[in-house]
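Visitor: I should be grateful for a close look at a single part of this structure. Please take one helix and describe its setting in detail.

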Amino acid sequence: MKKMSRRQFLKGTFGALAAGALAAGGGYGYARYLEPHMIETTERTIKSSLIPRGFDGFKIVQFSDTHLSDYFTLEDLQTVILTINECTPDLIVFTGDIIDNPDTYQHHQAVIPLLRKLNAPFGKLCIYGNHDHGGYGTAVYKSLMTAGGFTVYRNGYQTVPLADGSEIEIASLDDLMLGNPDYEGILSRLSEKLFSILLVHEPDAALKTTGYPVNLQLSGHTHGGQIQLPFYGPIITPPYGKVYTEGMYQTGNTHIYVNRGLGMTRLPLRFLSKPEITVFTLKSTN
């Protein structure tokens with residue numbers, strides 16, 4: 001029998017205590033019916049001398065982990081889309097996990113016209129999460145997101161040019177859990193002279209990207225744990241989301257942002273981990 005580590009034991013113990021506290025304290029109703037709809041719009045300014053002056057004020061909106069289901073519905077997605085468009089993004093990125101269970105979800109076609117309503121002059125990009133590959137959903141995800149107006153990447157690279165000739169670059173990696181991320185093949189294309197953004201579903205990919213010139217990594221996957229304890233943080237986070245769990249981190253010259261996502265998986269609960277849309281405004285320091 002595999003021995004349980006002290007950390008695993010404590011996580012399990014705190015999980016049981018948290019569930020008991022939610023039930024005993026009447027917090028279940030809040031975690032089930034209120035907080036999952038309390039979407040926060042987080043604003044972050046990203047400063048760098050590598051950001052060209054033409055990109056000063058350029059706005060990128062990230063959303064992630066909608067996990068469409070009976071608990072995060074098409075109506076919830078409609079609210080998210082309205083909120084994103086109100087942010088007037090220049091570029092929109094989705095960092096994976098559109099549907100919780102792609103093989104049983106019944107409303108794929110209804111998602112498409114909603115995604116088409118998202119507007120950004122420099123386009124809409126998306127990557128794969130583990131749920132997008134799961135349930136034989138790989139081709140379904142690509143078809144759905146493409147029909148919704150997104151450019152779908154597994155391992156991809158592109159530049160975003162302006163009319164004045166300046167540009168930034170965007171790389172993407174396939175999902176770490178169920179995909180085949182090509183670290184060397186993609187990240188070796190990045191230039192130390194250009195501001196670069198990496199899109200990858202699982203945040204702990206950053207543990208393997210040191211040495212590559214990544215300036216900003218955008219990830220999701222963890223949901224901020226979905227359930228947190230005061231003064232403790234997330235009770236548990238998924239594989240490849242153990243080190244970087246939510247919010248902004250910095251390692252070397254790389255900023256890593258972990259979006260808490262919008263939907264839920266396994267348990268239809270959020271507690272001290274509100275759903276999130278993130279707005280990044282680029283700022284040139286030249």
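Which glycine follows H6, and what is the sign of its phi?

Guide: The residue that follows H6 is glycine 149, and its phi is positive, near 95°. The model is a predicted one, so some words on confidence belong here. The chain has a mean pLDDT of 92, with 91% of its residues at 70 or more. Over residues 1-11, by contrast, the pLDDT is below 50, and this stretch has six contacts in the model beyond near neighbours in sequence.

Helix H6 itself spans residues 138-147, and Tyr141, Leu144 and Met145 are buried in it. Viewed down the axis of H6, its buried residues fall within an arc of 90°, so they line one face of the helix. A general property of helices bears on this pattern: an α-helix has 3.6 residues a turn, so residues three or four places apart point the same way.

What does this face pack against? The buried residues of H6 pack against three strands, namely E3 (91-94), E4 (124-127) and E5 (151-153), and against two helices, H4 (108-116) and H5 (130-133). The helix lies across E3, E4 and E5, and H6 runs at about 150° to E5.

These strands belong to an open sheet of six strands, ordered E1-E14-E2-E3-E4-E5, with mixed pairing. Strand E1 (40-48) and E5 stand at the edges and have a single partner strand each, so one side of each is left without a neighbour in the sheet. From one strand to the next, the twist averages 20°. In general terms, the strands of a sheet pair through backbone hydrogen bonds, in either a parallel or an antiparallel sense. E4 and E5 pair in the parallel sense, over three bridges. Cysteine 126 stands opposite valine 152 in E5.

A buried residue in a loop may be set beside the helix. Leucine 194 is found in the loop between helix H7 (183-187) and strand E8 (196-199). With a relative accessibility of 18%, leucine 194 counts as buried, because the cut-off is under 20%. Leaving aside residues up to four places away in sequence, leucine 194 touches Leu50, Glu167, Glu169 and Asn215. Of these contacts, glutamate 169 is 25 residues from leucine 194 in sequence, and the two C-alpha atoms are 6.7 Å apart in space.

To return to the helix: Tyr141, Leu144 and Met145 are its buried residues, and glycine 149, with its positive phi, follows H6.

Definitions and conventions: Residues numbered from 1 in each chain as written. Predicted model: local features only at pLDDT ≥ 70, side-chain atom pairs only at ≥ 80, totals over all residues. Heavy atoms only, no water. Buried < 20%, exposed > 50% of the residue type's maximum accessible area, 1.4 Å probe, protein only. Helix = DSSP H or I, 4+ residues; strand = E, 2+ residues; numbered from the N terminus. Arc of directions from axis to C-beta. Contact = heavy atoms within 4.5 Å. Pairing = 2+ DSSP bridges. Axes fitted to C-alpha atoms, helices over the stretch in contact; angles between N-to-C directions. pLDDT = per-residue confidence, 0-100.
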